[in-house]
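Okay, thanks for squeezing me in. I'll put the structure up, and then we can walk through a few spots together.

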Amino acid sequence: MDATAFFKIGYGLYIVTTRDAAGRDNGMICNTVMQLTAEPPRIAVAINKANLSHATAKETRVLNVCALSEEAPFAVFERFGFKSGRDSDKFDGFASTRSSNGLAVPGKYCTALFELAVADYIDLGTHGMFICDVKNAETLGAGATMSYAYYHANVKPKPAVAPAAPGGAAKWVCKICGYVYDPAENGGVAFEDLPDDWLCPWCKHPKSDFEKA
């Protein structure tokens with residue numbers, strides 16, 4: 001199977017925000033958001049179970065979807081997509097407001113906001129799909145919403161060629177986000193020896209989306 005064929009499916013890019021029972025805000029980059037019905041208005045959001053946002057949305061049954069504009073720089077993806085809310089405050093030092101449901105909303109780089117309440121949940125194995133009622137929707141900007149294709153062509157830096165690791169162990173680069181797996185920084189474990197269910201620590205894509213540097 002040619003996994004790159006999936007890149008031809010059209011996606012938008014969004015920041016999904018949540019707030020846990022202790023009042024901690026979180027946000028993550030998501031490309032799997034789809035309108036299901038117009039009456040009543042419903043949206044589906046699929047989230048990898050490895051993400052903190054998945055656990056928070058299941059617990060609170062409330063989340064927001066913010067559509068990213070084409071003006072969003074790579075730094076936004078580094079902040080919300082390449083690190084975990086378990087280890088850092090994604091909104092620390094980042095301008096934000098609050099929606100009527102109390103969740104954080106990025107103060108810039110968004111074209112639309114959807115305030116959602118979870119109506120149903122479908123277990124998809126590695127991911128969970130949240131079927132949500134739209135409680136409120138707002139247009140935040142007039143610019144175009146960023147697509148996955150636009151991000152890859154115009155925003156994501158091209159991965160640098162990584163030099164060979166000491167001892168001859170090869171480095172591998174994620175074709176999705178540019179993360180470089182260096183055996184020297186991972187206890188000397190060669191990429192080939194990682195378990196089959198290992199995921200990229202940045203974008204959560206599988207080993208099959210890596211190529212030798």
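So, to start: which residues in H3 are buried? Keep in mind as we go that this is a predicted model. In H3, the buried ones are Tyr148, Tyr151 and Val155. If you look down the axis of H3, those buried residues fall within an arc of 85 degrees, so they line one face of the helix. And what do they pack against? That's helix H2, residues 74-81.

Now flip to the other side. The face of H3 turned away from the buried side has Ala149, Ala153 and Asn154 on it, and these are exposed.

That brings me to Tyr150, which also sits in H3, the helix running over residues 148-155. Is Tyr150 buried or exposed? Well, partly exposed: its relative accessible area is 27%, and because buried means under 20% and exposed means over 50%, Tyr150 lands in between. As for neighbors, if we skip residues up to four places away in sequence, Tyr150 touches Glu70 and Val155. Val155, remember, is one of the buried residues of H3. And if you want a distance to check on your own screen, take Tyr150 and Asp197: they're 47 residues apart in sequence, and C-alpha to C-alpha they're 29 Å apart in space.

Okay, on to the backbone, since I know some of you like to check torsions. Where is the cis peptide bond? Go from Glu39 to Pro40, and you'll find omega near 0 degrees there. Pro40 itself is in the loop that links strand S3, 33-38, and strand S4, 41-48.

Next, positive phi. Arg61 has phi near 60 degrees, and that's a positive value in a residue other than glycine. You'll find Arg61 in the loop between helix H1, 52-60, and strand S5, 62-68. How accessible is it? Arg61 is partly exposed, with a relative accessible area of 38%.

Then there's Lys204, where phi is near 65 degrees, again positive in a residue that isn't glycine. Lys204 is in a loop too, the one between strand S11, 180-181, and strand S12, 210-212. Its relative accessible area is 21%, and since the cut-off for buried is under 20%, Lys204 counts as partly exposed.

So, if you're clicking through this later, the stops are H3 with its buried face, the cis bond from Glu39 to Pro40, and the positive phi values at Arg61 and Lys204. That's me done, over to you.

Note on methods
Residues are numbered from 1 along each chain as its sequence is written. This is a predicted model: local features need pLDDT of at least 70, side-chain atom pairs count only at pLDDT 80 or more; totals for chains, interfaces and linings use all residues. Side-chain values use heavy atoms; hydrogens and water are left out. Helices (H or I, at least four residues) and strands (E, at least two) are DSSP runs, numbered from the N terminus. Buried means under 20% relative accessible area, exposed over 50%, partly exposed in between (1.4 Å probe, protein chains only). Contact means heavy atoms within 4.5 Å. The arc is that of the directions from the helix axis to the C-beta atoms.
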